[in-house]
Amino acid sequence: MMSAFSYVYIIPLIPILMFLFLGFTARKIKEPVSGYLGTIGLGIVFIMSYYTAFKYFFSDGLVDGKYHQFRIMIKEGWIHFTDKLAIDIGIIIDPISVMMLVVVSTVSFMVHIYSLGYMHKDTGFSRFYAYLSLFTFSMLGLVLASNLFMIYIFWELVGVSSFLLIGYYFETPSAVAASKKAFIVTRFADMFFLIGILMIGYFGQSFDFMTLNSESTISMLNSWIQNNAVFSFMGISLITYALIFVYIGGMGKSAMFPLHIWLPDAMEGPTPVSALIHAATMVVAGVYLVARLFPMFHNIQGGIALHFVAIVGTFSALFAAIIALTQEDIKRVLAFSTMSQIGYMMMALGVSGYDGHEGLGYMAGMFHLFTHAMFKALLFLVAGAVIHAVHSNFMDKMGGLHKYMPIASWTFLIAALAISGIPPFAGFFSKDEILTAAFEYNKFIWFVGFIVAGMTAFYMFRLYFRIFYNKQNEYEHTPHDAPFTMSFALIFLAIMAATVGFIPFSKFVSADLTPFHSHIEWGSPLVIGSILIALTGIGTAYLMYYKETKYPEKVASAFGSFYKWTKDKFYFDELYLFVTHKIIFDRISKPIAWFDRNVIDGFMNLLGVTTENTSKKIKYLQSGRMQDYAMFFMSGVIAIVMLIIYFR
């Protein structure tokens, strides 16, 4: 069976070859040739990924009613640490890696097509397509990696790619600052990730996912914990701490609270970058990481680490949704929306069981990852088309665009309905599965998710009505729909956002690799309630923003300082700047630097000066004349003889 998928390593190989070719020939190959080459390369990846999904899910993957995990080795025993512990180079084929192949290739391919129009006449056109290929290679390598160290290598490559793409407009100081901010924050989280990897490797004696997730390894680790063979702190074992450290790495990449501060600033990159990296692929890497190690998260020490995932995910979903309500920059609204939806996915994993239908949360989280990729990429690409038309990111510079940009308006509406959870659009099915799993696990977590669903519908339609309806702005140039390449990507993703919810996802993806039956119970209070809360959010947005009214000002005044706090993102940027500049730099780093400069360096300088002065004093003893040396020698001999006679 493994030989049936032995070609899969070619999938990430294509974009890295495109990166090298476009990178080295960027000055020679001009627009649009470089764009066509990059797009053709991703088109091949797109076709191969869908072929792999079809082959796995409908032909070779399901054996005796259970999906098999295939590990295809490229190099076994690459780096040896001990007889048991080694780093291999391999590819893992299973439901979530195949699903992620489809997600990454679909969104990346559409972004490549869209960018042919969006980046037209940009001076760095070829460089942009080289960066896109590097990112796609990094993300494909991440989702196919068979062990923790491989995933860490590609994890860092994704970080490098995002740094390059966020700072693409390097002439702009804000873009440079945003790229550095994203790089530093995610590197801080990755430090914990690496510590967690080393700890898991030490205790589990393997970095391989299939070995670490096996019943024998998990049973052995739990036995050690129960027999106090592993040190514990505050009732939590080091193995559980290792899993939490790994999750902190995921929190950084997925912009979870409190490591979320880089995501809004990352919108400084070109809009296609926002769609590719910060909406559909890179930011879900943390979700994928938890899903990849889900058996360990769920079964080690009663799932304490998984409870942590649920708490952080739930709070992040609520926190980001509150901020999204008040933002004026359309890309930042979508950025906080992304953070909120990633929180939803983390919440789903955190509330999930493992066997059969008990793993509903796991399935729902992966399902929402899949559907979210389609409609969030669409939202960002429509936002790019609007920005392209009106040359502004801010909603007060927009309005009445429906009659000028009907394709953008209708496709954005489909995406907004999908993310709001209105049937039959894709987001409804995945979101309701998450709420069902949360309700079965903890009523408070379900209630938070329920409220967030209403807030999501409100802020998305606040965005929609203010862009395409509301007041009629006077535009310097008459806006119009995007060119064919951009519109094609919008229409394709709109079709996906409207239809992929009908995929019977539980038949393909589950925690224990065994398909189960899950369906929406249309008459249940949970489903009716979720639809009603979404319609309430949409209706409220309609009353406030469909036409220009005084309601927004009245609401802002009613909430007073809280409204200002949410608009200023609860001052987390200012808080981190205060902590780093006023406390770490001024109160800690400066005294240490003074001590190093004046005490450590001063002492060493004192030694040097003393040695130099002493040398100057005694250097005349070395005259170079033989008679002087003979005199000193004889004087010394006479002095020694006299001392011996005296003390005898």
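Me: Which residues lie nearest the centre of the largest pocket?
Reply: Arg-462, Met-544, Tyr-545, Pro-552 and Tyr-563, out of 27 that line the largest pocket. A pocket here is an open set of 1 Å grid points where a 1.4 Å probe fits, with protein on both sides within 12 Å along at least five of seven lines, and lining residues have an atom within 4 Å of a point. This is a predicted model, where local features need pLDDT of at least 70 and side-chain atom pairs 80 or more, while lining totals use all residues. Numbering starts from 1 along each chain, and side-chain values use heavy atoms, without hydrogens or water.

Me: Which helix gives the most to that lining of the largest pocket?
Reply: Helix 22, with 9 residues. Helix 22 covers 551-567, and helix 19 (443-468) and helix 21 (525-545) also supply at least two residues each. Helices (at least four residues) and strands (at least two) are DSSP runs.

Me: OK, what lines the second largest pocket?
Reply: 18 residues do, and Lys-181, Ile-184, Val-185, Ile-261 and Tyr-576 lie nearest its centre.

Me: And which helices supply at least two residues there?
Reply: Helix 6 (173-204) and helix 23 (572-618). Helix 6 gives the most to this second lining, with 8 residues.

Me: New topic: how many residues of strand 4 are buried?
Reply: 7 of the 8 in strand 4, residues 86-93, so that strand is mostly covered. Buried means under 20% relative accessible area with a 1.4 Å probe, exposed is over 50%, and partly exposed is in between.
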